[in-house]
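Work through the exercises below with the structure open beside you. Try each task before you read its solution.

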Amino acid sequence: MQIWVDADACPVVIKDILFKAANRAKVLVTLIANQYLRTPDSQYIRFVQVSSGFDVADNEIVKRAAPGDLVITSDIPLAAEVIDKGAQALSPRGELYTKENIGSRLNMRDFMDTLRSSGIDTGGAPAMSHADRQAFANHLDRILAQK
């Protein structure tokens, strides 16, 4: 199992949790982003920089992810694509996307996009809380325990 991180929008605190987990569980974590990111020196942590552009990092993750891998992303269409490939997807807030719930998440995302494009202010996501970080760490630990 490898962990792929949609790193452009991944919060620093979540990356730190992933870096610690990579070394503790001896699992490869690869961050993919279109801007340079500093990573700790570790045989279990890698960084791949892709060119700028719409969905370039997402497409790279889809290309590389394999069945049994874990993808960390808040991008619901990306989560849907990797789930279709047999990988797991976990949001930085600790929500595990599954075959059972990804369809409703995509529908809600599309609905919110429609509202925003018609001029309705839907607000943004709330700030990441301690409970969100804890939910992420707990879900990650459960997934790593199964590897």
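A nonpolar core is a set of buried Ala, Val, Leu, Ile, Met, Phe, Trp, Tyr and Cys residues joined through side-chain atoms within 4.5 Å. Buried means under 20% relative accessible area. Keep in mind that this is a predicted model.

**Exercise 1. The cores**

Task: Find which residues of the largest nonpolar core touch the most other members, and which elements give two or more residues to this core.

Solution.
Step 1. The largest nonpolar core has 23 residues. Ile3, Val5, Leu18, Leu31, Ile72 and Leu140 touch the most other members.
Step 2. Now turn to the elements. β1, α1 (12-25), β2 (28-33), β4 and α5 each give two or more residues to this core. The most come from α1, which gives five.
Step 3. Look for a further core. Another one, of 19 residues, lies apart from the largest. Trp4, Ile32, Leu78 and Ile102 are among its members.
Step 4. Zoom in on Ile72. Leave aside its neighbours within four places in sequence. Ile72 is then in contact with Ile3, Trp4, Val5, Asp6, Ile14, Leu18, Leu90, Pro92 and Phe136.
Step 5. Add the general rule. In soluble globular proteins, nonpolar side chains tend to be buried together.

**Exercise 2. The sheet**

Task: Give the strand order of the open sheet, and explain why one side of β3 and of β6 is left without a neighbour in the sheet.

Solution.
Step 1. The sheet is open and has six strands. Their order is β3-β2-β1-β4-β5-β6, and the pairing is mixed.
Step 2. Read off the two ends. β3 (45-49) and β6 (96-97) stand at the edges. Each has a single partner strand, so one side of each has no neighbour in the sheet.
Step 3. Take one pair. β4 (residues 70-72) and β5 (residues 88-90) pair in the parallel sense, over three bridges. Within β5, Gln88 stands opposite Leu70.

**Exercise 3. Helices across the sheet**

Task: State which strands α3 and α5 lie across, then describe the ends of α3.

Solution.
Step 1. α3 lies across β1 (2-6), β4, β5 and β6. It runs at about 155° to β5.
Step 2. α5 (residues 130-146) lies across β1, β4, β5 and β6. It runs at about 160° to β5.
Step 3. List the buried residues of α3 (residues 76-84). They are Ile76, Leu78, Ala79, Ala80, Val82 and Ile83.
Step 4. Go to the N-terminal end of α3. Asp75 caps it. A side-chain oxygen of Asp75 lies 2.8 Å from the backbone nitrogen of Leu78.
Step 5. Go past the helix. Gly86 follows α3, and its phi is positive, near 95°.

**Exercise 4. Loop residues**

Task: Decide whether Lys26, Asp55 and Tyr36 are buried, partly exposed or exposed.

Solution.
Step 1. Use the cut-offs. Exposed means over 50%, and partly exposed lies between that and the buried limit of 20%.
Step 2. Lys26 sits in the loop between α1 and β2. Its relative accessibility is 54%, so Lys26 is exposed. Its phi is near 55°, a positive value in a residue other than glycine.
Step 3. Asp55 sits in the loop between β3 and α2 (56-64). At 31% relative accessibility, Asp55 is partly exposed. Phi of Asp55 is positive too, near 65°.
Step 4. Tyr36 lies in the loop between β2 and β3. Its 60% relative accessibility makes Tyr36 exposed.
Step 5. Check the surroundings of Tyr36. Leaving aside neighbours within four places in sequence, Tyr36 is in contact with Phe47 and Gln49. Tyr36 and Val48 are 12 residues apart in sequence and 8.5 Å apart in space, C-alpha to C-alpha.

How values were computed. Residues numbered from 1 in each chain as written. Predicted model: local features only at pLDDT ≥ 70, side-chain atom pairs only at ≥ 80, totals over all residues. Heavy atoms only, no water. Buried < 20%, exposed > 50% of the residue type's maximum accessible area, 1.4 Å probe, protein only. Helix = DSSP H or I, 4+ residues; strand = E, 2+ residues; numbered from the N terminus. Polar contact = N/O pair within 3.5 Å; in protein donor to acceptor, adjacent residues only side chain to side chain. Pairing = 2+ DSSP bridges. Contact = heavy atoms within 4.5 Å. Axes fitted to C-alpha atoms, helices over the stretch in contact; angles between N-to-C directions.
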